[in-house]
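Reader: I'm in my first year and still learning to read these pictures. Please pick one part of this structure and look at it closely with me, then show me what else is worth finding.

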Amino acid sequence: MGRKNRRDRQQPKPVALGSSQWTEAGPRGEWTVRRLRGNDKAYVCPGCNQTIPAWTGHVVAWREDSLIASDGRRHWHTPCWQRSAHRR
Ligand SMILES: [Zn+2]
């Protein structure tokens, strides 16, 4: 007996929003990239034209200089974005 389930009060770390978004400069200009954990929507990846299923981690990227930022957003599979970003 006496086996106590000792619980240290651990505070869950708040998700640092700033660290999941970054800027990448490439041959096609400067893109802002944000890592997403996925939501209930499926998207079509412009890199491979395949569906990104709902609840799948992926990235969304848009041009900083795009006038209509929300219009220029594209959802990519993470590997597809990395391939595309380094392609000239
Ligand atoms: Zn893809």
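Author: Let's start with the vocabulary for finding your way around: helices are DSSP runs of H or I with at least four residues, strands are runs of E with at least two, and both are numbered from the N terminus. Bear in mind that this is a predicted model, where local features need pLDDT of at least 70 and side-chain atom pairs count only at pLDDT 80 or more, while totals for chains, interfaces and linings use all residues. Residues are numbered from 1 along each chain as its sequence is written, and side-chain values use heavy atoms, with hydrogens and water left out.

Now the overall layout. The protein has one helix and six strands, and starting at the N terminus you meet them in the order β-β-β-β-β-β-α.

The part I'd pick is the zinc site. A donor here is an N, O or S atom within 2.8 Å of the metal (3.2 Å for Na, K and Ca), and since water is not among the atoms, sites may look incomplete. Which atoms coordinate the zinc ion? They are SG of C45, SG of C48, ND1 of H77 and SG of C80, at 2.0 to 2.4 Å. Read along the sequence, those donor residues follow the spacing C-x2-C-x28-H-x2-C. C45 and C80 are 35 residues apart and link distant parts of the chain: C45 sits in the loop between β3 (43–44) and β4 (51–52), and C80 in helix α1 (residues 78–85).

What about the geometry? Four donors count as tetrahedral if all angles lie between 85 and 135 degrees; four are square planar and six octahedral if opposite donors are over 155 degrees apart and all others between 65 and 115, and anything else is irregular. The zinc site, with angles of 104 to 117° among its four donor atoms, is tetrahedral. For reference, the ideal angle for four tetrahedral donors is 109.5 degrees.

Are C45 and C80 buried or exposed? A residue is called buried under 20% relative accessible area, exposed over 50% and partly exposed in between, using a 1.4 Å probe and protein chains only. Both C45 and C80 are buried. Across the protein, buried residues make up 22% of the 88 residues.

The loop that holds C45 also has N49 in it. N49 has a phi near 60°, a positive value in a residue other than glycine. Most residues other than glycine have a negative phi. N49 is exposed, because its relative accessible area is 63%. W55 makes a good companion: its phi is also positive, about 60°, although W55 is not a glycine. You'll find W55 in the loop between β4 and β5 (58–63), and its 62% relative accessibility is why W55 counts as exposed.

Next, look at the tryptophans W76 and W81. Rings of Phe, Tyr and Trp (its six-membered ring) pair if their centres lie within 6.5 Å; planes under 30 degrees apart are stacked, over 60 edge-to-face, and the rest tilted. That rule gives two aromatic pairs. In one of them, W76 and W81 have ring centres 5.3 Å apart and planes at 70°, so the pair is edge-to-face. W76 counts as buried because its relative accessibility is 5%, and W81 is buried too, at 2%. Together with W31, these two form one aromatic cluster.

W31 leads us to W22, in strand β1 (residues 21–26). Contact means heavy atoms within 4.5 Å. Not counting residues up to four places away in sequence, W22 touches W31, T32, V33 and R35. W22 is partly exposed, because its relative accessible area is 25%.

Last stop: R73, in the loop between β5 and β6 (74–76). A charge sits over a ring if NZ of Lys or CZ of Arg is within 6 Å of the ring centre and within 35 degrees of the ring normal. R73 lies over the face of W62, at 3.9 Å from the ring centre. Setting aside neighbours within four places, R73 is in contact with R34, V60, A61 and W62. The C-alpha atoms of R73 and V60 are 6.4 Å apart, although 13 residues separate the two in sequence. With a relative accessible area of 35%, R73 is partly exposed.
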